[in-house]
Amino acid sequence: MNKLELAKVANEVRKGIIAAVHSAKAGHPGGSLSAADIYTYLYFEEMNIDPKDPKKPDRDRFVLSKGHTVPGLYAAMAHRGYFPVEKLITLRKLGSPLQGHPCMQHVDGIDMSSGSLGQGVSAAVGMALAGKMDNKDYRVYTLLGDGEIQEGQVWEAAMFAGHRKLDNLVVIVDNNGLQIDGDIADVCSPYPIDKKFEAFNFHVVHADAHDFDSLKAAFDEARATKGMPTAIIAKSIKGKGVSFMENEASWHGVAPNDEQYEKAMAELEKAGEALCQK
Amino acid sequence: MSEIKKVATREGYGKALVELGAKYPNLVVLDADLAAATKTSMFQKAYPDRHIDCGIAECNMIGIAAGLATTGKIPFLSSFAMFAAGRAFEQVRNSVGYPHLNVKIGASHAGITVGEDGASHQCNEDIALMRTIPGMVVINPADEIETSEAVKASAAYEGPVYLRFGRAAVPVINDNPEYKFEIGKGIVLREGTDVTIVATGICVSASLEAADMLAADGISAEVINIHTIKPLDEELIIASAKKTGKVVTAEEHSVIGGLGSAVCDALSEKAPTPVCKIGINDVFGESASAAVLIHKYGLDGEGIYNKVKGFLK
């Protein structure tokens, strides 16, 4: 898929996020939107997956360690064909498989239940370790929030992954700079993020989370890196794509009301039309 | 007592893992820098490529085991009960319990028989913690033989299991050809009519001793070994409670939330019966040898005997 096509998909993913969170009257739009291009790149370009055979043993795996931004993952998976796009608006509703945080027992294609911060990355490390033990070629991707890396377990997992030289593992940090209580640098700074991962024996790549060329270069570099896991520090904008949500910590975990929903969807429709003109 | 063979249940765990390693090529063992103490070092020696030392990072170990399980491996992970069930409770709950992954938690050094290390390491709360997790099987074997069988049954069972082992050598009581282990099935070790003693773990052999002492006083005690606290063999316990009309529970665990509570939960709803709970009475332990502590906290034969006598008065 070329980058214009990816951008179009990402715009649809953003619409799916807004529609789902609005319908649920709850959820996390900010971090879902900041990761929308990453989800799109992973599910439409990077990963070896088959929506028709979601449990294929040799598939690449994805663990959403920052599980609260699952609306973005659901939207990407729906557009990739794992389940109907119409299902997105059942998010967080009774009886829906689309739980508030990822649940592998409810959705085929979710590789690990997650949401309690810091835990998903350990499971991803376990999957990567299994791949090495069994001499499999599959790769494992896990997406973390930059606030999430305040959790100590992340560094336990990083120490193990570096120690075991798990070069089939890619840790992506969605570096939107904001957490619930404000700027991550003010709350309890995790910076420098790159030097931390380097110290844990990772290869570190910086990327622009909203530029598909940059994402491609980063994931290609990760794939080419042997003998150590890769951490991609993806600089992003929280709320990206919806003007009034961008760079606002207050949109971390709040759903848009009807008026805000209309405004957000109008902006995304317009962005989509602009992409079609290209 | 000196003629009775004594072996720590953790020994049985180490030996059983080695046996299972041959049967299941997908069985892997994880430890957190305690392989010598938890006895997974035996497996490490036999199958070095399938033994994963995670270092002193129990929470991460649980997650790695969960990830391994999603690929079809059967991970047995080990640490002390304090860390496996205590420190990593939420990881067990969310990364293993919620997705119902096929992870086995072999927790050694449970209860006060940790001994000299003292209260910081004496976990009297793990049964309570683990049995609140939906779908978690909780097993506390009474001796080396039961441990071995429990570990094998856990490997064959699909789903999360918490296995509780002790540090101290305990009498081997199940060394007989009729012995059969089945998850969730209690075992009547001694029939009686005046009182039912429901015991688990190291308190099973102590309860048999107590029953002998009670018999000398003309009291007929039924002794039931409940190795599986969850799912609890309610049917067996209720039938015995209806027969004897009085139930005593005995465990090396807090009286809050463990076997005693599980038995009370079942009886209060289905067959209300007076129950006397023997265990650690909502206090922290302390440093001393296992034998001294078992005596002090009333978990030996004499302690159980005295408690039952008082209860029957």
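## Where the two domains of chain B meet

Across the interface of domain 1 and domain 2 of chain B, 21 residue pairs are in polar contact, both partners having pLDDT 80 or more. On the domain 1 side, helix H7 (126–131), strand S6 (137–139) and strand S8 (169–171) of chain B each bring at least two residues to the surface that touches domain 2. H7(B) gives the most to this side, with 4 residues. Sorted by class, the domain 1 side holds 16 nonpolar, 8 polar and 7 charged residues. All of this is read from a predicted model, so please keep that in mind as you look around.

Let us step back to the layout. Domain 1 of chain B covers 6–171, and domain 2 of chain B covers 187–308. Their C-alpha centres are 24 Å apart, and the contact draws 31 residues from domain 1 and 35 residues from domain 2. Together, the two domains of chain B bury about 2,400 Å², with carbon and sulfur atoms giving 56% of it. Within domain 1, the residues that lose the most area to domain 2 are Ile112(B), Asn124(B) and Arg131(B), which together make up 28% of what that side buries.

## The salt bridge between the domains

How many salt bridges cross the interface of domain 1 and domain 2 of chain B? The rule finds 1. Arg131(B) pairs with Asp265(B), and the closest N and O atoms of this salt bridge are 3.5 Å apart. Arg131(B) is thus worth a second look, as it is also among the domain 1 residues that lose the most area to domain 2 of chain B.

## How chain B meets chain A

Now for the other interface. Here 27 residues of chain B are in contact with 26 residues of chain A. The area buried between the two chains is about 1,900 Å², and 58% of that comes from carbon and sulfur atoms. Between chain B and chain A there are 8 residue pairs in polar contact, again with both residues at pLDDT 80 or more.

Which elements of chain B supply at least two residues each to the side that touches chain A? They are strand S3 (51–53), helix H4 (58–70) and helix H6 (89–97). H4(B) provides the largest share of that side, 9 residues. By class, the chain B side has 11 nonpolar, 10 polar and 6 charged residues. The rule finds 1 salt bridge between the chains: Lys73(B) reaches Asp134(A), with 2.7 Å between the closest N and O atoms.

## Salt bridges inside the chains

Side chains of opposite charge can pair when their charged atoms come close. Over all chains, a search of the whole structure finds 26 salt bridges. One of them, in chain A, joins Arg14(A) to Asp37(A), the closest N and O atoms being 2.7 Å apart. This pair links distant parts of the chain, with Arg14(A) in helix H1 (residues 3–24) and Asp37(A) in helix H3 (residues 36–46), 23 residues apart. Are these partners buried or exposed? Both Arg14(A) and Asp37(A) are buried. Chain A also has a network of salt bridges that links Glu12(A), Lys15(A) and Glu269(A).

In chain B, Glu116(B) forms a salt bridge with Arg167(B), and their closest N and O atoms are 3.5 Å apart. These two residues are 51 residues apart, Glu116(B) in the loop between strand S5 (104–108) and H7, Arg167(B) in the loop between strand S7 (161–164) and S8. Glu116(B) counts as partly exposed because its relative accessible area is 46%, and Arg167(B) is partly exposed at 34%. A local pair is found in helix H8 (residues 144–156) of chain B, where Glu149(B) and Lys152(B) are 3 residues apart, about one turn of the helix. Their closest N and O atoms are 3.8 Å apart. Glu149(B) is partly exposed at 30% relative accessible area, as is Lys152(B) at 23%.

## A buried leucine in helix H9

One more stop is Leu214(B), which lies in helix H9 (residues 203–216) of chain B. Why does Leu214(B) count as buried? Its relative accessible area is 0%, and buried means under 20%. Beyond its neighbours within four places in sequence, Leu214(B) is in contact with Ile197(B), Ile219(B), Ala221(B), Tyr305(B), Val308(B) and Lys309(B). Of these partners, Lys309(B) is 95 residues from Leu214(B) in sequence, yet their C-alpha atoms are 7.9 Å apart in space.

Technical notes. Residues numbered from 1 in each chain as written. Chains lettered and ligands numbered in written order. Predicted model: local features only at pLDDT ≥ 70, side-chain atom pairs only at ≥ 80, totals over all residues. Heavy atoms only, no water. Contact = heavy atoms within 4.5 Å. Buried area = accessible area lost by both parts, 1.4 Å probe. Salt bridge = Lys/Arg side-chain N within 4 Å of Asp/Glu carboxyl O. Polar contact = N/O pair within 3.5 Å; in protein donor to acceptor, adjacent residues only side chain to side chain. Nonpolar A, V, L, I, M, F, W, Y, C, P; charged D, E, K, R; others polar. Buried < 20%, exposed > 50% of the residue type's maximum accessible area, 1.4 Å probe, protein only. Domains from an automatic or database assignment.
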